[in-house]
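Open the model in your viewer and keep the selection panel at hand. The tour goes from one side chain to a sheet, then on to another chain.

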Amino acid sequence: MRQVFGDTILKLAKTNKNIYVVNADLKSSLYLGKFASWYRHRFIECGVAEANAAAVAAGLAKTGKTVFLTSFSCFSPALNWAVIKQSICLNNANVKIIGSHSGLLSGTLGATHQMLEDIALTRCLPNLEVFSPLDALELEKIITTSIHSPRPAYIRLVRPATPVVYPASRPFTIGKSLVLKEGKDITVAGYGPILLEALEAQAHLAKKLDKKAPDLEIINCSSIKPLDVSTLKKSLSKTGRLIVLEDHQKNGGLGEAIAATLLSQNLTFRFIHLAVDNQFGHSAKDPKDLYNYYGLSLKYLLSAIKKILN
Amino acid sequence: MRLLAPKHPLETISTSLRLDLLNLVYQAGEAHLGGPLSSLDLFISLYFSKLFKFYSTKNKANFDHFTLSAGHLAPALYVVLAKAGYFPHSYLKNFATLTSPLQAHASTTAPGVEYSSGALGQGLSFAAGLALGDPGHYSLCLTTDGEHQEGQVWEAAMFAKKYQLGNLINIVDHNHYQIDGAVEDIMPLGRLAAKYLKFGWSVISINGHNFTQIIKALKKAKQKSHYPTCLIANTIFGKGISFIQHDYHYHDVKNLSEALYSRARQDLKIAK
């Protein structure tokens with residue numbers, strides 16, 4: 001995902017002279033080396049100073065540039081949140097905040113770097129759009145689409161390279177979710193590579209050759225804000241059961257967003273939220289071990305499926 | 001017999017706007033006052049010296065930038081913008097009410113305001129971004145001395161030096177007070193001018209109520225160079241109203257009594 005980010009920005013910058021990068025000492029981690037040397041005057045290095053970087057990005061954006069503010073999500077939007085609120089969101093500056101290393105997938109880096117609160121921090125800010133791509137291909141589509149929006153946005157990246165499953169022919173549209181797999185029994189909604197667990201669960205159930213095995217409808221809610229409520233409503237009116245799966249804290253996550261929105265529209269459904277429950281992350285060699293430890297892996301999803309059926 | 005220096009033309013504006021400021025605060029019932037009174041002459045110099053062309057409905061394409069970093073100084077900015085014709089003087093009466101575009105902290109809802117602020121320490125970075133993105137114009141910023149306790153100001157100071165933002169001018173309203181007391185007691189800034197010099201800036205120290213000095217310094221700051229300029233304006237907290245001067249309790253004022261209001265008016269009229 002990170003490499004595709006660097007490549008996409010490089011490609012877009014070739015024809016779009018308005019694209020600037022404001023970076024906080026994470027150039028190599030975000031594969032921005034080429035951008036920095038090819039477009040030296042459009043690569044603004046702020047050093048380890050994310051608060052300054054966010055407001056510099058806002059000022060720069062106000063002179064008509066499309067600015068990518070690049071860092072890890074544990075620093076931006078976490079460390080500089082109040083600057084993002086005032087200088088970027090309140091002033092409605094066209095800054096795309098790129099936060100890498102989100103979620104447990106950061107693996108070895110541990111609790112300080114496994115950003116599990118970024119969706120909570122960003123989806124509450126007025127004017128800010130929030131996107132979390134499923135994989136590198138969707139990320140490319142999100143970046144390419146977002147530069148046409150004048151609004152600020154937060155785009156959530158993960159650290160490792162993950163399998164690409166997003167259908168190449170499908171565009172990314174702000175405020176639209178993509179049904180990755182249609183089904184009739186249970187709606188599974190989420191964002192980011194953790195949805196691969198849902199696809200795996202479906203494959204697992206399909207293998208059973210049991211006519212009673214539940215059929216999942218898997219929805220990729222990559223546009224977390226604005227949220228595509230109608231696709232979820234349509235799905236739930238069919239299934240009546242919702243599992244939200246996310247590599248994030250339960251508190252402030254997508255599960256809360258969906259539940260609050262749909263319940264206030266008098267829709268009733270059974271609901272299970274699989275997310276990190278009020279805990280900090282931990283180092284692990286394999287991020288999959290963390291999904292197991294925090295109850296987000298295939299095993300837990302299958303037992304949630306069982307539970308929601310009864 | 002004492003010989004008086006000839007009155008600077010902007011002093012007449014200063015006297016009348018100080019009264020506007022007092023009226024605004026009195027009518028609003030609750031507003032910041034000590035800081036607006038200390039910084040007023042700086043705002044007047046920016047908008048009435050003809051040294052800069054700021055954004056207006058008549059000038060939407062070719063303009064210098066002004067970032068008020070210390071958003072609580074908004075009352076001073078608003079009385080100056082009203083005088084400069086950005087909006088009708090009558091707007092001042094409804095300061096900080098729900099239907100008014102003039103919010104208590106500087107807001108772009110008010111015509112002529114380029115940056116919404118209120119949380120201290122962010123404006124200099126924003127102004128640096130403007131300076132970088134629009135090198136053909138000046139980017140001015142107004143900060144306070146207390147605000148320099150925020151680390152972000154120093155991040156911005158480093159940044160402006162690195163990118164040689166010669167078109168960036170940071171005016172510091174150095175009135176020596178903040179909400180809870182004297183800056184010297186709360187968290188001393190030490191030698192502010194020396195700090196900016198060490199950060200690689202040009203520094204000019206002036207009396208922030210002397211228009212001749214302010215304008216001379218602004219002209220100097222405008223000269224082409226690779227160095228950002230810090231203009232340290234030594235000012236008087238609560239300037240012009242005897243019982244407010246140097247008293248940090250008047251950082252913000254709630255329900256000023258009629259007696260004190262009259263006394264304040266008296267002070268300002270004598271100054272006239």
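Select A:M115 and A:R156 in this predicted model. The backbone oxygen of A:M115 sits 3.4 Å from a polar atom of the A:R156 side chain. Now add A:D118. Its side chain and that of A:R156 are joined by a polar contact of 2.7 Å. For context, colour strand 6 of chain A, residues 153-156; A:R156 belongs to this strand. Is A:R156 buried or exposed? Its relative accessible area is 3%, and the cut-off for buried is under 20%, so A:R156 counts as buried.

**The open sheet of chain A**

Stay in chain A and show strands 7, 9, 8, 11 and 12. In that order, these five strands make up an open sheet with mixed pairing. Which strands stand at the edges? They are strand 7 (178-181) and strand 12 (270-276). Each has a single partner strand, so one side of each has no neighbour in the sheet. Look along the sheet for its twist: on average, neighbouring strands are turned by 25° against each other, direction ignored.

Next, select residues 186-190 and 216-220 of chain A. These are strand 8 and strand 9, paired in the parallel sense over five bridges. Within this pair, pick A:V188 and find A:I218 opposite, in strand 9.

Then bring in residues 195-207 of chain A, which form helix 7. Helix 7 packs on the sheet. What does this helix touch there? The strands are 7, 8, 9 and 11, the last of these spanning 241-249. Compare directions: helix 7 makes about 165° with strand 9 of chain A.

**Across to chain B**

Hide chain A and centre on chain B. Colour by secondary structure to find nine helices and nine strands. How far does the C-alpha trace extend? Along its principal axes, the span is about 55 × 40 × 40 Å. The radius of gyration is 18 Å; a compact globule of 272 residues would have one near 19 Å, so chain B agrees with that expectation.

Switch on the surface. The accessible area of chain B is about 12100 Å², and carbon and sulfur atoms hold 53% of it. Of the 272 residues, 56% count as buried. Contacts tell of sequence range too: among those with a separation of 6 or more, 76% link residues 24 or more positions apart.

For the last stop, bring chain A back into view and select residues 123-133 of chain B. This is helix 4, mostly covered, with 11 of its 11 residues buried. Among them are B:L124, B:F126, B:L130 and B:L132.

Key
Residues numbered from 1 in each chain as written. Chains lettered and ligands numbered in written order. Predicted model: local features only at pLDDT ≥ 70, side-chain atom pairs only at ≥ 80, totals over all residues. Heavy atoms only, no water. Pairing = 2+ DSSP bridges. Helix = DSSP H or I, 4+ residues; strand = E, 2+ residues; numbered from the N terminus. Axes fitted to C-alpha atoms, helices over the stretch in contact; angles between N-to-C directions. Contact = heavy atoms within 4.5 Å. Buried < 20%, exposed > 50% of the residue type's maximum accessible area, 1.4 Å probe, protein only. Polar contact = N/O pair within 3.5 Å; in protein donor to acceptor, adjacent residues only side chain to side chain. Rg over C-alpha atoms; globule rule 2.2 N^0.38 Å. Areas by Shrake-Rupley, 256 points an atom, 1.4 Å probe, with all protein chains shown as cover.
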